[in-house]
Amino acid sequence: MKLIFCPHCQDVVKIRTENFRYCWCGKSSGQYAKDGLHAIIYGDAIPLGFANMSFHKAIKQQDNHDSITFRAFVIEKKCKTIEKKKIFNYEYYKNFTG
Ligand SMILES: [Zn+2]
């Protein structure tokens with residue numbers, strides 16, 4: 001699961017395929033492509049990843065009155081599945097998200 005972190009307002013927002021999502025201050029945003037794997041992010045967004053299995057295991061453990069850690073990471077700058085753009089371009093965005 002991919003999320004974005006905004007270094008300005010410190011929001012963490014899960015990106016989705018259905019629509020473009022922004023942080024609270026509007027300086028970071030992103031969306032998954034239709035394939036649900038590739039993503040496009042804008043502005044100063046820093047991409048984050050949650051290891052899904054690890055995250056869901058931690059949620060299940062909550063039922064056992066247990067708090068366990070899960071794996072999350074900052075995604076590298078040259079990730080093949082993420083396009084980072086400084087400025088929003090509608091045509092590019094439409095082609096990317098379908
Ligand atoms: Zn922000």
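Among the contacts in the protein chain between residues at least 6 apart in sequence, 41% join residues at least 24 apart. The model in which these contacts were counted is a predicted one. Of the 98 residues of the protein chain, 19% count as buried, and the C-alpha atoms fill a box of roughly 50 × 30 × 25 Å when taken along the principal axes.

The secondary structure of the protein chain comes to two helices and eight strands. Read from the N terminus on, the elements follow the order β-β-β-β-β-β-α-β-β-α. The strands can be followed through two sheets, which are taken in turn below.

One of these is an open sheet of four strands in the order β2-β1-β6-β7, with antiparallel pairing. Its edge strands are β2 (12-14) and β7 (72-74), each of which pairs on one side only. From one strand to the next, the twist of this sheet averages 30°. Within the sheet, β1 is joined to strand β6 (residues 46-50) by four bridges, the two strands running antiparallel, and Ile-4 stands opposite Pro-47 in β6.

The other open sheet also has four strands, here in the order β3-β4-β5-β8, and its pairing is mixed. Because β3 (21-22) and β8 stand at the edges with a single partner strand each, one side of each is left without a neighbour in the sheet. In general, the strands of a sheet pair through backbone hydrogen bonds, either parallel or antiparallel, and strand β5 offers an example of each arrangement, since its bridges to β4 run antiparallel whereas its pairing with β8 is in the parallel sense.

On the antiparallel side, five bridges join strand β4 (residues 28-32) to β5. Two of the residue pairs can be located directly in the structure: Gln-31 has Ile-40 of β5 as its bridge partner, and Tyr-32 has Ala-39 of β5. The hairpin that these two strands make has six residues between the strands, and in this hairpin Gly-36 takes a positive phi near 70°. On the parallel side, β5 and strand β8 (residues 82-85) pair over four bridges, and Tyr-42 stands opposite Lys-85 in β8.

How enclosed is strand β5 by the rest of the structure? A residue counts as buried when 20 or more other C-beta atoms lie within 10 Å of its own. Five of the five residues of β5 (residues 39-43) are buried, and the strand is therefore largely enclosed by the rest of the structure.

Strand β5 also matters for reading the nonpolar interior. In soluble globular proteins, nonpolar side chains tend to be buried together. In this model the largest nonpolar core is made up of twelve residues, namely Leu-3, Ile-4, Cys-6, Ile-15, Cys-23, Tyr-32, Ala-39, Ile-40, Ile-41, Tyr-42, Ala-45 and Ile-82. The elements that give two or more residues to this core are β1 (2-5) and β5, and β5 gives the most, with four residues. Several core members have already been met in the pairings above, including Ile-4 opposite Pro-47 and Tyr-42 opposite Lys-85.

Cys-23 is another member of this core. Not counting residues up to four places away in sequence, Cys-23 touches Ile-4, Cys-6, Cys-9, Asp-11, Val-13 and Ser-28.

The loops show a contrasting picture. Gln-10 is found in the loop between β1 and β2, and its phi is near 65°, a positive value in a residue other than glycine. Gln-10 is exposed, because 10 other C-beta atoms lie within 10 Å. His-65, whose place is in the loop between α1 (52-62) and β7, likewise has a positive phi, of about 55°, although it is not a glycine. With 6 C-beta neighbours inside 10 Å, His-65 counts as exposed.

Asn-19 is found in the loop between β2 and β3, and with 8 C-beta neighbours inside 10 Å it counts as exposed. The C-alpha atoms of Asn-19 and Asn-89 are separated by 15 Å, while the two residues are 70 residues apart along the chain.

Definitions and conventions:
Residues are numbered from 1 along each chain as its sequence is written. This is a predicted model: local features need pLDDT of at least 70, side-chain atom pairs count only at pLDDT 80 or more; totals for chains, interfaces and linings use all residues. Two strands pair if DSSP finds at least two bridges between them. A nonpolar core is a set of buried Ala, Val, Leu, Ile, Met, Phe, Trp, Tyr and Cys residues joined through C-beta atoms within 7 Å. Two residues are in contact if their C-beta atoms, placed from the backbone, lie within 7 Å. Axes are lines fitted to C-alpha atoms, for helices over the stretch in contact, and angles run from 0 to 180 degrees between N-to-C directions.
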